[in-house]
Amino acid sequence: MKTICLYFEIHQITHLKRYRFFDIGIDHYYYDDYENERSIREIAEHSYIPALNTILEMVKENGKFFKVAFSLSGVGIEQLEVYAPQVLEKLQELNETGCVEFLAEPYSHGLSSLINEQCFKEEVKRQANKIYELFGRKPKVLRNSSLIYNDEIGLIAAQMGFEGMLTEGAKQVLGWKSPHYIYHCALQPKLKLLLRDINLSDDISLRFGNTTWEGYPLFADKFINDIAALPKEEEFIGLFMNLSALGIDQPLSSNILEFLHALPLYAKEKEIGFSNPSEVCKTLNSVSALDVPDTLSWNDEERDLSTWLGNPMQREAFNKLYSVADRIRIAQDPRISQDWDYLQASNNFKAMSTKPSHVGMYRGIYNDAFDAFTNYMNVLGDFLNRVDALYPAEIDNDELNSLLTTIRNQGEEIEIKDKEIARLKNKVDKLEGKVSKTTTTKVKTTKSRVRKAKIE
């Protein structure tokens, strides 16, 4: 039986403000709060809330038949908590239905998996903890930023205990193979790979409202019929996209939500089900290993890393940022760590891209790629100075780690001693209370005897 795996990503860009060279060393706040609030409220109103309401209706109408999966970046969750908490409330309502699965992904929506394994692991763990805090569910399947994947990343995911991982069904990897089977990591067979069907996913997320597209208009019955027409043995259909595709990339006026709402009805008629990623990992067997020596992603025609690291400017910014990754990870300074999360986000590097894109390029406040690079490097310059001021470059990572470990151990010892002092003080107070009570009782008894003696 064929099954559709429907997955949506939720990530919010944290917009940097215009930051000039002369601000370095003076202004340590890098963000455009007005634009962050405006953009997320707009997306919530025109995309997230209408889309989640529709998905909730689909769950209520179809019961356990309809399933859907989401992942939220940690920085995206932080933005939603501040500016659009109603989105998280709606997701929590969906979570209570038991038809939703939440996936793990890097907290920052960054590129740490390409350069620093320990940083990547800690990011994924932090995001997974945040998901558990919000929804009471521990993610079992990993989705890397922009579906970035290679064999080594798959091995790391398996070592972290994940059952499966989502990635792109790219032609340069699959060749003649179909994305409609389950594969496994070439370096660790236990990790199953769920591949995105590029054409079917992009029909919804990129082409749905395009009146010049040869497939326009796309109706739910035709879409399901195309899936039903696939060979019988091709059982898995991965439809992966951003949630903002519903309402932003494809405006509500295109009837995108009506299309989505009708999918379960026609799927039932064709005996096509819906499954969450972890269910797919449990029920479908892998047909073979998938060798991915070169990193792939779901971006642009090339499905590689060129969107973020395709020119010298991007690579210079990337290398400078991650040159302090170990120091930040070791130091764990709250303010530095928060800025680190926001500066890692992949959209910072995408804004510096000089390659043509059929999807279009949103640069926000920037005029061009060089403008984006200059602004980011000014911010990064101040950030690196702050890191160096806290933990000078003369101290190597091993020495810094040793010093901070000593400081933490001393802090823990002080905390233990403080607790012991508090315990002993409490014990003394109780003893003093007993002594005081005993003394009071004796005084009362003596006074009582004196009174009796006088009377007699």
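Which element gives the most to the lining of the largest pocket? Hold that thought for a moment. A word of caution comes before the answer: this is a predicted model.

Now the answer. Helix α1 gives the most to that lining, with six residues. The pocket itself holds about 1400 Å³ of space. In total, 49 residues line the largest pocket. Look for Ile-13, Asn-242, Ser-244, Lys-350 and Tyr-362, since these lie nearest the centre of the pocket.

Which elements give two or more residues to this lining? Two are strands: β1, at 3-10, and β8, at 236-242. The others are helices: α1 at 33-62, α7 at 198-205, α15 at 347-350 and α16 at 369-390. As for chemistry, the lining of the largest pocket has 21 nonpolar residues, 17 polar ones and eleven charged ones.

From the pocket, on to the cavity. Rolling a probe the size of a water molecule over the atoms shows where empty space is left. How many cavities of 30 Å³ or more does the structure hold? The count is one. The volume of the largest cavity is about 30 Å³.

Here is what lines the cavity. Start with Arg-327, Ile-328, Ala-331, Gln-332, Asp-333 and Ile-336. Then add Val-387, Leu-390 and Tyr-391. Two elements give two or more residues here: α13, at 325-331, and α16. The largest share comes from α13, with three residues. By class, the lining of the largest cavity has six nonpolar residues, one polar and two charged. Remember α16 from before: that helix also gives two or more residues to the lining of the largest pocket.

Next, helix packing. Take α4, residues 117-135, and α5, residues 151-159. Their axes lie 11 Å apart, at an angle of about 50°. That makes α4 and α5 oblique to each other. The crossing of α4 past α5 is right-handed. Which residues meet there? On the α4 side we have Glu-117, Phe-120 and Lys-121. On the α5 side we have Ile-153, Ile-156 and Gln-159. This contact has three nonpolar residues, one polar and two charged.

Helix α4 has another partner. That is α2, residues 74-83. Here the angle is about 40°, and the axes are 9 Å apart. So α2 and α4 are oblique to each other too. From α2, Gly-74, Ile-77 and Glu-81 take part. They meet Gln-127, Lys-130, Ile-131 and Leu-134 in α4. The contact of α2 with α4 has three nonpolar, two polar and two charged residues.

Last topic: the backbone. Most residues other than glycine have a negative phi, and most peptide bonds are trans. Two places here deserve a look.

Is the peptide bond from Tyr-216 to Pro-217 cis or trans? The bond is cis, with omega near -10°. You will find Pro-217 in the loop between α7 and α8, the latter at 220-228. And α7 has come up already, giving two or more residues to the lining of the largest pocket.

The other place is Glu-271. Its phi is near 55°, a positive value in a residue other than glycine. Glu-271 sits in the loop between α9, at 256-269, and β11, at 273-274.

To recap: α1 gives the most to the lining of the largest pocket, α13 gives the largest share of the cavity lining, and the bond from Tyr-216 to Pro-217 is cis.

Terms used:
Residues are numbered from 1 along each chain as its sequence is written. This is a predicted model: local features need pLDDT of at least 70, side-chain atom pairs count only at pLDDT 80 or more; totals for chains, interfaces and linings use all residues. Side-chain values use heavy atoms; hydrogens and water are left out. Axes are lines fitted to C-alpha atoms, for helices over the stretch in contact, and angles run from 0 to 180 degrees between N-to-C directions. Helices (H or I, at least four residues) and strands (E, at least two) are DSSP runs, numbered from the N terminus. Angles under 35 degrees count as roughly parallel, over 145 as roughly antiparallel, 65 to 115 as roughly perpendicular and the rest as oblique. A crossing is left-handed if the near helix is turned anticlockwise from the far one by less than a right angle, and right-handed if clockwise. Contact means heavy atoms within 4.5 Å. Ala, Val, Leu, Ile, Met, Phe, Trp, Tyr, Cys and Pro count as nonpolar, Asp, Glu, Lys and Arg as charged, and the others, Gly among them, as polar. On a 1 Å grid over the protein atoms alone, a cavity is a set of points where a 1.4 Å probe fits but cannot get out, and a pocket is an open set with protein on both sides within 12 Å along at least five of seven lines; lining residues have an atom within 4 Å of a point. Grid points are joined across faces, edges and corners, and a volume is the space filled by probe spheres set on the points.
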